[in-house]
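User: I would like to learn how to read the side-chain contacts in a structure I have not seen before. Could you take me through them one kind at a time?

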Amino acid sequence: MKLALLWMVLCLAMSGVVSAQEARANHGATPAASDRLFFPHDMFWGYGQFDLAPPHNEIDPNLCRADAGISGGVNDPCNAFARYMLSGYVEIRPFGRTQLRRFFLFGEPKFLFGKNLPQTLYTWSFDAIGVERSWGAGIYMGRGFEMRVTQHFLFSRFGARDRNLGGADLGPNGPWGRYNMIGVQKYFGQRRY
């Protein structure tokens, strides 16, 4: 983690070199002098999303074996295959001026709901399965590049599914398990609306 913080400080310092070039190219795209240093009015950005998986295409959070229905049929307790997903992305940029405006924090939760077993049980149930989440910090480095440090957590199960679900239960790791990473993103193009 110390290496990640050192890398973020280095990127923040080096981003000043690029800002002069971008200021010339963007003529007035820099923040106004009246913007607040802390907690500017436009500090939040993000989106929310609702997804529906049709029958025979359920979301697999990797909590149960795909062949769980073979041993227990429609009554198998390991029926954590999702029909619905509620997800989002939230980005917070707490600084409005100076080089600190390039720093941001982000979070990305994904809530899963359903009660299905591949090839055995297909329902429209909205039973809560759990949440997969990650969060992190980043720095905009200029010219469409961002450096990010991300922490991804284990899948958290809800309610009756927060226990062993029988022989087909794969454990608490979820689709990706727990990990930290340092990454670089490059944005390109312009979105049409």
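**Reading the side-chain contacts**

Analyst: Let us begin with charged pairs, keeping in mind that this is a predicted model. A search of the whole structure finds seven salt bridges.

User: What is the general idea behind such a pair, and which residue forms a salt bridge with Glu 91 at 3.1 Å?

Analyst: Side chains of opposite charge can pair when their charged atoms come close. Here the partner is Arg 93, whose closest N and O atoms with Glu 91 are 3.1 Å apart. Glu 91 is buried, with a relative accessible area of 8%, whereas Arg 93 is partly exposed at 23%.

User: Where in the chain do Glu 91 and Arg 148 lie?

Analyst: The side chains of Glu 91 and Arg 148 meet in a salt bridge with an N to O distance of 3.6 Å. This pair links distant parts of the chain, since Glu 91 lies in strand 2 and Arg 148 in strand 5 (residues 145-152), 57 residues apart. Arg 148 is buried, with a relative accessible area of 8%.

User: Which residues are joined into one network by salt bridges that share partners?

Analyst: One further bridge has to be introduced before the network can be named. The side chains of Glu 146 and Arg 93 meet in a salt bridge, again described by an N to O distance, here 3.6 Å. Glu 146 belongs to strand 5 and Arg 93 to the loop between strand 2 and strand 3, so that distant parts of the chain, 53 residues apart, are linked. Glu 146 counts as buried at 4% relative accessibility. Through shared partners, the salt bridges join Glu 91, Arg 93, Glu 146 and Arg 148 into one network.

User: How should I read a pair of rings, and how many aromatic pairs does the search find?

Analyst: A pair of aromatic rings is described by the distance of the centres and the angle of the planes. The search of the whole structure finds 11 aromatic pairs. In one of them, the rings of Phe 104 and Phe 106 have their centres 6.2 Å apart and their planes at 40°, so the pair is tilted. Both Phe 104 and Phe 106 are buried. In another, Phe 113 and Phe 126 form a stacked pair, 4.5 Å centre to centre with 20° between the planes.

User: Which parts of the chain does the pair of Phe 113 and Phe 126 tie together?

Analyst: Phe 113 lies in strand 3 (residues 103-113) and Phe 126 in the loop between strand 3 and strand 4 (128-142), so the pair ties together parts that are 13 residues apart in sequence. Phe 113 counts as buried at 13% relative accessibility, while Phe 126 is partly exposed, with a relative accessible area of 44%.

User: Which residues form one aromatic cluster, and over which ring does the charged end of Arg 83 sit?

Analyst: The cluster is formed by Trp 45, Tyr 47, Tyr 89, Phe 104 and Phe 106. The charged end of Arg 83 sits over the ring of Trp 124, 4.9 Å from its centre, and that of Arg 133 sits over the ring of Phe 153, 4.7 Å from its centre.

User: Finally, which residues does the disulfide join, and are Cys 64 and Cys 78 buried or exposed?

Analyst: The search finds one disulfide, which joins Cys 64 to Cys 78 with an S to S distance of 1.9 Å. The link is left-handed, with -100° about the S-S bond. Cys 64 is buried, with a relative accessible area of 2%, and Cys 78 counts as buried at 0% relative accessibility.

Definitions and conventions:
Residues are numbered from 1 along each chain as its sequence is written. This is a predicted model: local features need pLDDT of at least 70, side-chain atom pairs count only at pLDDT 80 or more; totals for chains, interfaces and linings use all residues. Side-chain values use heavy atoms; hydrogens and water are left out. Rings of Phe, Tyr and Trp (its six-membered ring) pair if their centres lie within 6.5 Å; planes under 30 degrees apart count as stacked, over 60 as edge-to-face and the rest as tilted. Buried means under 20% relative accessible area, exposed over 50%, partly exposed in between (1.4 Å probe, protein chains only). Helices (H or I, at least four residues) and strands (E, at least two) are DSSP runs, numbered from the N terminus. A charge sits over a ring if NZ of Lys or CZ of Arg is within 6 Å of the ring centre and within 35 degrees of the ring normal. A disulfide is a pair of cysteine sulfur atoms within 2.5 Å. A salt bridge is a side-chain nitrogen of Lys or Arg within 4 Å of a carboxyl oxygen of Asp or Glu.
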